[in-house]
Amino acid sequence: MKTTPVLKRRNLGITDYQKRYRLLKSNVTRAVVRPTNKGLMIEFVDYSPSGDLVKVTVTDKTLQKEYGVYGNNIQAMYLAGYLAGKKAAAKGIESAIFDTGRYKFIHGGRLAAALKGIVDSGIEIPASEDVFPDESRINGEHLKNKVDISKYVKKGE
């Protein structure tokens, strides 16, 4: 009896193919959020049989160039989500589905901050208000070197 080969990305723990398949079945643009050890990456991606089509990309380097903010703390993730959402809205993306990949979503964490930034920018993503971090954490009151995000984020646009 022949055994089924295990895909390399599944074997390395990089891709959860069952979760990816469920997200792709929705046929909606995915908001892909990936924190790294020193930075972050947020992309809006559409599926194509020949390979995923990346519509918008925001990394920590883009965030530093646009806002002068770097890192991957809650404030940086929120601002990156906001910037990515604004760029996606400019390209005509109105709604998306949140894709965390193999990362665990923690209520009030960095991924939740990125989600709140995307939602605050006007992109419609199904999410409950209780998963977002507190406003005090988004404003950086827990940080030694906080950033005034009111310079970059215009509420009520």
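I take contact to mean heavy atoms within 4.5 Å. The model is predicted, and I accept local features at pLDDT of at least 70 and side-chain atom pairs only at pLDDT 80 or more, whereas totals for chains, interfaces and linings use all residues. Residues are numbered from 1 along each chain as its sequence is written, and side-chain values use heavy atoms, with hydrogens and water left out.

Entry 1, Leu63. Leaving aside neighbours within four places in sequence, I found Leu63 in contact with Leu40, Gly68, Val69, Ala76, Leu79, Ala80 and Leu83.

Entry 2, the core. I then looked up the largest nonpolar core, a nonpolar core being a set of buried Ala, Val, Leu, Ile, Met, Phe, Trp, Tyr and Cys residues joined through side-chain atoms within 4.5 Å, with buried meaning under 20% relative accessible area for a 1.4 Å probe and protein chains only. This core has 36 residues, and the members that touch the most others are Ile42, Phe44, Leu63, Tyr67, Leu79, Ile118 and Ile125. At least two residues each come from strands E1 (30-35), E2 (40-46) and E3 (53-59) and from helices H3 (60-67), H4 (74-90) and H5 (110-120); here helices (H or I, at least four residues) and strands (E, at least two) are DSSP runs numbered from the N terminus. H4 gives the largest share of this core, 10 residues.

Entry 3, helix H5. I counted eight of the 11 residues of H5 as buried, namely Leu111, Ala112, Ala113, Ala114, Leu115, Lys116, Gly117 and Ile118. Their cover includes E1, E2, H4, strand E4 (97-99) and helix H6 (135-138). Just after H5, Gly122 has a positive phi of about 110°.

Entry 4, pockets. I use pocket for an open set of points on a 1 Å grid over the protein atoms alone, where a 1.4 Å probe fits, with protein on both sides within 12 Å along at least five of seven lines, and its lining residues have an atom within 4 Å of a point. The largest pocket holds about 400 Å³, and of its 20 lining residues Arg9, Thr15, Arg20, Arg30 and Arg34 are the closest to its centre. Helix H2 (17-25), E1 and E2 each supply at least two lining residues, and H2 gives the most, with four. I looked up the second largest pocket as well, with a volume of about 160 Å³, and its lining is Gly68, Val69, Tyr70, Asn73, Gln75, Ala76, Leu143, Asn145 and Val147.

Conventions: Buried means under 20% relative accessible area, exposed over 50%, partly exposed in between (1.4 Å probe, protein chains only). Grid points are joined across faces, edges and corners, and a volume is the space filled by probe spheres set on the points.
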